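Biologist: Could you take me through one part of this model slowly, as I am new to reading structures?

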Amino acid sequence: MSSVVNTARPARLGILISGRGSNMVALADSVEDGRIPNAEIAVVVSDQANAAGLVKARKRGIETLVIERRGRRPEEHDREIVEALWARNIDLICLAGYMRILSRGFIDAYRGCILNIHPSLLPSFPGLDAQKQALEHGVKLTGCTVHFVDETLDGGPIISQRVVPVHEEDTAETLSARILIEEHKLYAEAVDKVLRTSKKSFSA
Ligand code: GRF
């Protein structure tokens with residue numbers, strides 16, 4: 001795994017969301033209780049003004065930004081987000097239910113420093129409705145994956161995974177709920193792993 005952050009201070013995390021924000025909350029809790037040491041959640045950015053996660057972030061005292069697409073080309077929208085992240089010296093970006101594909105410019109600006117969580121054992125079932133795809137294929141085991149983001153759809157280098165059993169009686173909802181419990185633990189572990197693997201110390 002490559003070094004992703006080069007700071008001699010607590011790593012500054014930026015989390016991108018579009019909705020509920022339960023993974024964002026799990027990351028914030030993990031920073032707070034020391035499961036992700038030497039880090040802070042510096043900003044939560046949403047492309048949706050009504051994302052429920054925004055309220056949860058504000059309640060925790062985290063700065064929030066709403067940066068909507070407003071009919072712009074993806075590159076223009078992403079540029080505004082990247083500039084907001086640069087302005088806050090963000091080291092590592094965590095996509096957490098962010099429902100947009102990042103443009104090349106965004107990925108280049110933060111290459112190797114963007115993580116995503118996906119509710120399947122990649123490379124199986126990339127894209128939307130991963131839990132439904134797993135049920136339709138009849139797999140007996142599925143799970144969740146945290147990976148680096150590159151130009152491929154859910155195809156960047158895998159950091160960590162957790163396995164979740166599929167039950168006979170599962171619906172997309174029951175399976176999603178079982179996976180989500182593991183997502184919350186996995187994301188914190190993966191962020192910690194990435195920060196620890198980074199060559200420089202964050203505590204100096
Ligand atoms: C999660 O299942 C995540 O894996 C996927 O989108 C969902 C986001 O949920 N990328 P939440 O907004 O973190 O609650």
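Where is the place of Pro123, and what are the residues around the ligand?

Modeller: Happy to help! This is a predicted model, where local features need pLDDT of at least 70 and side-chain atom pairs count only at pLDDT 80 or more, while totals for chains, interfaces and linings use all residues. Residues are numbered from 1 along each chain as its sequence is written, and side-chain values use heavy atoms, leaving out hydrogens and water.

Pro123 lies in the loop between β5 and α5 (helices, H or I of at least four residues, and strands, E of at least two, are DSSP runs numbered from the N terminus). The peptide bond from Leu122 to Pro123 is cis, with omega near 10 degrees. Most peptide bonds are trans.

Now to the pocket. β5 (114-118) and α5 (130-137) each give two or more residues to the lining of the largest pocket, as do α1 (22-32) and α6 (172-197). A pocket here is an open set of points, on a 1 Å grid over the protein atoms alone, where a 1.4 Å probe fits, with protein on both sides within 12 Å along at least five of seven lines; lining residues have an atom within 4 Å of a point. The largest pocket has a volume of about 890 Å³, the space filled by probe spheres set on the points, which are joined across faces, edges and corners. Of its 36 lining residues, Gly97, Tyr98, Met99, Ile117 and Pro119 are the closest to the centre.

The ligand sits in this largest pocket (more than half of its atoms lie within 2 Å of the grid points). Around the ligand are Arg20, Gly21, Ser22, Asn23, Gly97, Ile117, His118, Pro119 and Glu183, each with a heavy atom within 4 Å of the ligand. Both α1 and β5 supply at least two residues of this shell.

Three polar contacts (pairs of N or O atoms within 3.5 Å) can be picked out there. One ligand oxygen atom is 2.8 Å from a polar backbone atom of Gly21. A ligand nitrogen atom is 3.0 Å from a polar backbone atom of Ile117. At Glu183, an N or O atom in the side chain is 2.6 Å from an oxygen atom of the ligand. Taken alone, the ligand exposes 370 Å², and the protein buries 85% of that (accessible areas come from the Shrake-Rupley method with a 1.4 Å probe).

Methods:
A polar contact is a pair of N or O atoms within 3.5 Å; within protein, one must be able to donate a hydrogen and the other to accept it, and residues adjacent in sequence count only if both atoms are side-chain atoms.
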